[in-house]
Amino acid sequence: MRRRPGPSARLKLALSYAGFLFVAGALLLAVVWMFLLRYVPDNSQGLLGVSPNRYLLVRTFAPAAAAAMLFLLMFGLLGGWVLAGRMLRPLTRIADAARTAGKGSLSHRVRMEGRQDEFRELADTFDSMLEQLESHVAEQQRFAANASHELRTPLAISRTLLDVALKDPARDHRELLERLSVVNARAIDLTEALLLLSRGDSGNFTRESVDLSLLAEEAAETLLPLAEHRRITLDVTGDVTGGAPRTTGSPELLLRMVTNLVQNAVVHNLPAGGTVTVHTEAYGDTSVLRVENTGSVLPAELVATLTEPFRRGTERVRTDEHAGVGLGLAIVHSIVRAHDGILDLTPRPAGGLRVTVRLPAEP
């Protein structure tokens, strides 16, 4: 934004300091005049013929007062300029850091030393903002690189299959079409997941009243055949003592959130005999959804990375038809964040994962 040049903040502060000091000096002289000189006799002999009269005192006092006022003005300007420079020095460092960040260097920090005050609080807030911005940019760069790699893989496989078919026209095309169909389906699933993730991040959706308990039952009913096929017990429970766990948001996105959590709990479970528990409740001004499953013991450092796009732990990679694209929990995290909620992932001591979603309750 283009602005007209104007006086600097340092000059304004220096003039303010000098002005206040000049006014204080003038008020002091006025007090001296009102409460001292007014009681001195104004005659030719003075008091008892020995003390000076008002006329002599004024002639003696006025030049000294004028010199003192001039000294106060100059001292106020010089001292104000120095003090303003010292006070505004932290703002200069913050401005330099902002210009450096504006050129693309987000790793620079102010790191202002000294005791806590308004300027250092501003510097710490600015450093925190730069840290979050750098982390967000790095995450977006990793996401773009991983998404490009994931999208390139099915396309490269399709091109290879087509090249093989062109070089061998006598080859059975049915097998080729089946493999191309699988690869194409995976590419479509990945694209839809990326679009859903982008929609959740943008937060552009119509908010409606949603009952989390109904979404949990719908997701469980949809995934019950998958759970039975894997011999997994799927239970849905709820606590209605605090009222229905209702929130406001997009029913479609919230249903996808619950479905992803339940599907993730079913797929990443014990080979047989495992359990998945989906629990909903209202707690004060918060609606809670909790999904727990059995499975292998997960290290805490692995759990901390599960919500990052395309991050798959070694213990959680699947090679069957439900391998996924590595965006399940990333989509959940995006939807929870778009609904002003909190997502908490905790490894269970006996194995498996406990996922807790806290969303603001419907007013």
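## A buried serine in β5

Ser287 counts as buried because its relative accessibility is 0%, well inside the cut-off of under 20%. This comes from a predicted model, so please read every value here as computed from that prediction.

Ser287 sits in strand β5, which runs over residues 286–293. Its side chain reaches the backbone oxygen of Arg246 at 2.7 Å. Arg246 also appears among the residues in contact with Ser287 once neighbours within four places in sequence are left aside. That list also includes Pro245 and Thr247, along with Leu212 and Glu281. Val357, Arg358, Leu359 and Ala361 complete the set.

## A covered helix, α6

Let's turn to helix α6, residues 251–267. Its 17 residues reach 24 Å from the first C-alpha to the last, close to the 24 Å expected at 1.5 Å a residue.

The helix is mostly covered, with 12 of its 17 residues buried. Among them are Leu253, Leu254, Met257, Val258, Leu261 and Val262. Thr259, Asn260 and Asn264 are buried in α6 too, as are Ala265, Val266 and Val267.

## A nonpolar patch on the surface

Now for the outside: a nonpolar surface patch covers about 1100 Å². Its members include Leu11, Leu15, Phe22, Val23 and Leu27, as well as Leu70, Met74 and Trp81. Two elements give two or more residues each, α1 (9–35) and α2 (54–102). The largest share, 7 residues, comes from α2.

Phe22 is a handy residue to look at here, and it lies in helix α1. Phe22 is partly exposed because its relative accessible area is 33%, which falls between the 20% and 50% cut-offs.

Key:
Residues numbered from 1 in each chain as written. Predicted model: local features only at pLDDT ≥ 70, side-chain atom pairs only at ≥ 80, totals over all residues. Heavy atoms only, no water. Helix = DSSP H or I, 4+ residues; strand = E, 2+ residues; numbered from the N terminus. Buried < 20%, exposed > 50% of the residue type's maximum accessible area, 1.4 Å probe, protein only. Polar contact = N/O pair within 3.5 Å; in protein donor to acceptor, adjacent residues only side chain to side chain. Contact = heavy atoms within 4.5 Å. Patch = residues over 30% accessible without salt bridge, like charges linked within 9 Å, V, L, I, M, F, W, Y side chains within 5 Å. Areas by Shrake-Rupley, 256 points an atom, 1.4 Å probe, with all protein chains shown as cover. Salt bridge = Lys/Arg side-chain N within 4 Å of Asp/Glu carboxyl O. Expected span 1.5 Å × (residues − 1).
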